[in-house]
Every structure is written in structure tokens, then in C-alpha cells.
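Got the viewer open? Let's take a short walk through this chain, one selection at a time.

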Amino acid sequence: MTTGAPTPPSSVRPRRSRPLRFLPLGLAVWVVLEIWVLIAVAGAVGGLAVFLLLVAGLVLGGVVIKRAGRRAFRALSETLQQQQGGVPPQRGGAAEGNGLMMLGGLLLMVPGLISDALGLLLLVPPVQKALGRYGERAFRRKLRKAAPGTLGDAFQQARMHRPDGKVVQGEVIREDTPRGPDGTPGPYPPLNR
């Protein structure tokens, strides 16, 4: 016997990508490996030395994050001042590598020697440049493959440039707005709905 309500369509969850499927397992393996390395190093050099290494990583990570944040804020304020002065913003400069530097500082602050090693590796400028180029290429590939109607497609459409690389500045003028006799926007019709 039915109640007259339609049967809901079977909800099929979209498949998760392979990296997302194995992310919880990878995190568990990473935590176990960090603990194992901490125990092994503590057995070799002593618990106090490992504790001091972890505290030094915490302090160094805080200093790195603070420095990268200041650099990012300074680059943002310089860019805003240049744009207000009519000068087009320059690519590169002090703003390059702040995100990877902050990630390196965060990895230094996470307790563990493997994360400290990865954090220190991210502070090396050639590694930052190589990872930045790789990330930019991967981002551009994803944008090219964006399906119509997705967020990636909207972002791609918002970044339209002329062939010479310049961004076309302009404003939208809607012709459906009512105009007065002098050309200024007139009163809007009443809303009757």
C-alpha cells in the first residue's frame, strides 16, 4: 500500500578520489611513524634532547610563521598602494613563497621529527620555487579541465586576459535600468508581487 508520496530516487554518493580514500590510512601511518622515530631517537640520544628538539621546532615554527605573515601583509599593502597610485601590480617580489613558508612553519610546530624535517625542507628557497611551479601547473591543468557550470569554470571565466596578457578593465552598464529625461537613473517601478 502506498501513501501517494513518490519514492525518492536512489541517492548514489559520488566516488571519492584515490588520494582522499587513503587519506585516513596515510595519517595513521604518519602518526605511528612519528612516534616510532621519536622513541628511536630518544633511545639513542636521550629523552631530554628529544624534548629540547621538539621545543626548538615549536619556537622556530612560530618565528617562521610570524615572519612569513609580516612579509605577506607588507606585500599586500604595497600592492594596494601601487593600485591606488595607478601603477599595475608587479608579479613576484616579496610575496613569493609566503604560503609554503607558513606551511613549513606549521610543520615545524607539529610535534614530531619527520614533520620537522619536512618543515625545514620547505624553508629552502629552491624547494619553495620548485613546489610553487609544480602547484601552479597543477592548478592550471585543473582549470583547463573544469566542466561548464562548476566553480573552476567560473574562476576561469573571471580571469579573462587579452592576448598580450593585459587584463581588460571596464564596468558593466545595464540598459534595463529606467532612466530619467536627463540620463540619470530614474525611479524604479513599484514591486507589486
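Start at helix H4: its buried residues pack against H3, H5 and H6. Buried here means under 20% relative accessible area, with exposed over 50% and partly exposed in between (1.4 Å probe, protein chains only). Helices are DSSP runs of H or I with at least four residues, strands are runs of E with at least two, and both are numbered from the N terminus.

A quick note before going on: this is a predicted model, where local features need pLDDT of at least 70, side-chain atom pairs count only at pLDDT 80 or more, and totals for chains, interfaces and linings use all residues. Residues are numbered from 1 along each chain as its sequence is written, and side-chain values use heavy atoms, with hydrogens and water left out.

**Stop 1: H4 itself**

Select residues 98-109, which make up H4. Which residues of H4 are buried? They are Asn98, Met101, Gly104, Gly105, Leu107 and Leu108. From first C-alpha to last, the 12 residues of H4 reach 16 Å, close to the 16 Å expected at 1.5 Å a residue; the expected span is 1.5 Å times one less than the number of residues.

**Stop 2: H4 against H5**

Now add residues 113-122, helix H5. The axes of H4 and H5 come within 7 Å and cross at roughly 160 degrees. That makes H4 roughly antiparallel to H5. Angles over 145 degrees count as roughly antiparallel, under 35 as roughly parallel, 65 to 115 as roughly perpendicular and the rest as oblique. Axes are lines fitted to C-alpha atoms, for helices over the stretch in contact, and angles run from 0 to 180 degrees between N-to-C directions.

H4 passes H5 in a left-handed crossing, a label used if the near helix is turned anticlockwise from the far one by less than a right angle (right-handed if clockwise). To see the contact (heavy atoms within 4.5 Å), show Leu100, Leu103, Gly104, Leu107 and Leu108 on the H4 side. Facing them from H5 are Ser115, Asp116, Leu118, Gly119, Leu120 and Leu122.

**Stop 3: H4 against H3**

Next, bring in residues 47-84, helix H3. H3 and H4 pack at about 160 degrees with their axes 7 Å apart, and are therefore roughly antiparallel to each other. H3 also passes H4 in a left-handed crossing. On the H3 side, pick residues including Gly57, Gly61, Val64, Ile65 and Ala68; among their partners in H4 are Asn98, Met101, Gly105 and Leu108.

**Stop 4: Leu123**

Move to Leu123, in the loop between H5 and helix H6 (125-144). Leu123 is partly exposed, at 23% relative accessible area. Leaving aside neighbours within four places in sequence, Leu123 is in contact with Val64, Met101, Leu108 and Gln128. Try a distance label too: the C-alpha atoms of Leu123 and Gly105 are separated by 8.1 Å, though 18 residues apart along the chain.

**Stop 5: Ile114**

Hop back into H5 and select Ile114. Ile114 counts as partly exposed, at 23% relative accessibility. What does Ile114 touch, not counting residues up to four places away in sequence? Light up Trp30, Leu33, Glu34 and Val37.

**Last stop: zoom out**

Show the whole chain and you have 7 helices and 0 strands. Of its 193 residues, 13% count as buried.
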